[in-house]
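Could you walk me through this model as I click around in the viewer? I'd like to know what to select next and what is there.

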Amino acid sequence: MQVTIFSAHQYEHPFLLEAAQGRHELHLQLPALSLATASLAQGSQAVAIFANDDASAPVLEALHALGVRYVAVRAAGYDQVDLAAAQRLGLQVANVPEYSPHAIAEHAVALMLALNRQLPRSQSLLHRADFRLDELVGFNLHGKTVGLVGCGHIGAVLARILHGFGCQLLGQDIQPNPELTERYGMRYLPLPELCAAADIISLHAPLMPATHHLLGAEMLARCKPGAMIINTSRGGLLDTRAALAALRAGRLGYLGLDVYEYEKGLYFEDHSQQPPTDSLMTELLAEPNVLITAHQAFLTREALASIAATTIASLDAWAQHHPAEHELTASPVVA
């Protein structure tokens with residue numbers, strides 16, 4: 001098939017081309033999918049999109065008018081796709097539900113450890129030739145209580161890692177996994193109780209209307225004083241302004257974000273030659289106990305290879321007029 005791949009950054013190209021093995025003609029486009037860029041898919045039967053592309057109803061209608069019939073999402077999350085509109089238009093949509101839960105889980109731990117051991121502040125001091133340790137006191141992960149909000153593939157891997165650190169595990173999920181209780185002693189609690197008990201809260205839930213601002217001002221007020229929040233899932237799970245206010249008030253002690261509520265149009269692009277336009281991001285970066293990475297938790301060689309392979313497998317199935325293995329419907333069951 002002819003396939004237009006939107007948001008195709010250089011780091012992805014070799015993995016996509018290797019996975020395709022010439023079976024499809026890939027048109028690698030750097031711009032994100034939007035109503036303004038949909039015309040780039042002219043002549044393609046399929047498009048492949050990423051986390052911050054726009055696959056809302058108007059965009060899908062524009063793609064359909066161009067002859068596009070398939071949408072491959074190169075990510076696990078698919079909140080950017082209007083599945084009801086896709087179904088109405090007869091578009092088939094598939095995602096990559098499990099490309100490398102280890103990549104995301106390990107990045108979550110990296111954020112925890114970097115914040116816990118004051119590594120960003122330490123580096124800042126060292127670059128000023130200040131070798132004092134007075135502001136760098138951290139804490140052991142061993143023995144701490146960590147609450148995992150969302151205990152699917154990624155949450156399960158993170159539970160195993162944190163169990164190895166000697167952490168006490170709490171979980172919150174609409175479908176509790178008894179295996180995590182049996183293996184790692186995880187106790188499932190309602191979210192308010194988890195927030196009240198956890199030293200660290202790590203978010204791994206999907207973003208949907210019911211989970212938007214899952215951690216808002218009311219829930220943040222229930223957190224343990226000095227608690228750490230880590231978000232490597234979707235920015236909209238956390239009310240960012242409320243989290244910043246909680247940090248400044250001393251309710252939260254640390255905030256680690258790989259995803260950001262307002263990242264669309266900001267992440268994955270070079271804005272270094274432009275004046276700052278996101279005042280909230282500027283305020284967050286000024287806080288010493290905030291560590292932000294720009295949606296890079298997935299960015300490992302293993303994960304990129306897996307994403308490419310699964311994406312191309314969906315295209316292969318569609319080219320043979322078969323449903324893709326990970327096809328999505330308007331009423332999906334989300335793990």
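Here is a tour that starts with the whole chain and then goes in stop by stop.

This is a predicted model, in which local features need pLDDT of at least 70 and side-chain atom pairs count only at pLDDT 80 or more, while totals for chains, interfaces and linings use all residues. Residues are numbered from 1 along each chain as its sequence is written, and side-chain values use heavy atoms, with hydrogens and water left out.

**Stop 1: the whole chain**

Show everything as a cartoon. You should find twelve helices and 13 strands; both are DSSP runs numbered from the N terminus, with helices being H or I over at least four residues and strands E over at least two. The radius of gyration is 21 Å, close to the 20 Å from the globule rule for 335 residues, so the chain is as compact as a globular protein of that length. That radius is taken over C-alpha atoms, and the rule is 2.2 Å times the number of residues to the power 0.38. Along the principal axes, the C-alpha atoms fill a box of roughly 60 × 50 × 35 Å.

Switch on the surface and you are looking at about 15,500 Å² exposed by the chain, 54% of it supplied by carbon and sulfur atoms. Areas come from the Shrake-Rupley method with a 1.4 Å probe, and for residues only the protein chains shown count as cover. Of the 335 residues, 50% count as buried, meaning under 20% relative accessible area (exposed is over 50%, partly exposed is in between). As for contacts (heavy atoms within 4.5 Å), residues 24 or more positions apart account for 68% of those with a separation of 6 or more.

**Stop 2: the seven-stranded sheet**

Which order do the strands of this open sheet follow? Read across, it goes S8-S7-S6-S9-S10-S11-S12, with parallel pairing; two strands pair if DSSP finds at least two bridges between them. The edges are S8 (187-188) and S12 (290-292), each pairing on one side only.

Begin at the S8 edge. S7 (residues 168-172) pairs with S8 in the parallel sense over two bridges, and Leu170 stands opposite Arg187 in S8. Now add helix H6 (residues 153-165), which packs on the sheet and touches S6 (145-149), S7 and S9 (200-203). H6 makes about 170 degrees with the direction of S6; axes are lines fitted to C-alpha atoms, for helices over the stretch in contact, and angles run from 0 to 180 degrees between N-to-C directions.

**Stop 3: strand S10**

Select 227-231. Five of the five residues of S10 are buried. Ala227, Ile229 and Asn231 point one way, and Met228 and Ile230 the other. On one side, S9 runs parallel to S10 with four bridges joining them, and Ser202 stands opposite Ile230. S10 also pairs in the parallel sense with S11, over five bridges; there, Leu252 in S11 is the bridge partner of Ala227.

**Stop 4: helix H10 and Thr240**

Is Thr240 buried or exposed? Thr240, which lies in helix H10, is buried, with a relative accessible area of 1%. Its contacts, leaving aside neighbours within four places in sequence, are Tyr260, Glu261, Leu280 and Leu284.

**Stop 5: strand S3**

Jump to residues 46-49. Both faces of S3 are covered: Ala46 and Ala48 are buried on one side, and Val47 and Ile49 on the other. S1 (residues 2-5) pairs with S3 in the parallel sense over three bridges, with Thr4 opposite Val47. S3 also pairs in the parallel sense with S4 (residues 70-73), over four bridges, and here Ile49 stands opposite Val73.

**Stop 6: the cysteines**

How many disulfides does the structure hold? Zero, with a disulfide taken as a pair of cysteine sulfur atoms within 2.5 Å. For Cys167, the nearest cysteine sulfur is that of Cys151, 14 Å away. Cys167 counts as buried at 4% relative accessibility. Then pick Cys223: the closest cysteine sulfur, in Cys195, is 4.4 Å away, too far for a bond. Cys223 counts as buried too, at 1% relative accessibility.

**Last stop: Ser314**

Finish in helix H12 (residues 301-319), where you will find Ser314. Ser314 is buried, with a relative accessible area of 4%. Setting aside neighbours within four places in sequence, Ser314 is in contact with Ala94 and Ala324.

Conventions
Buried means under 20% relative accessible area, exposed over 50%, partly exposed in between (1.4 Å probe, protein chains only).
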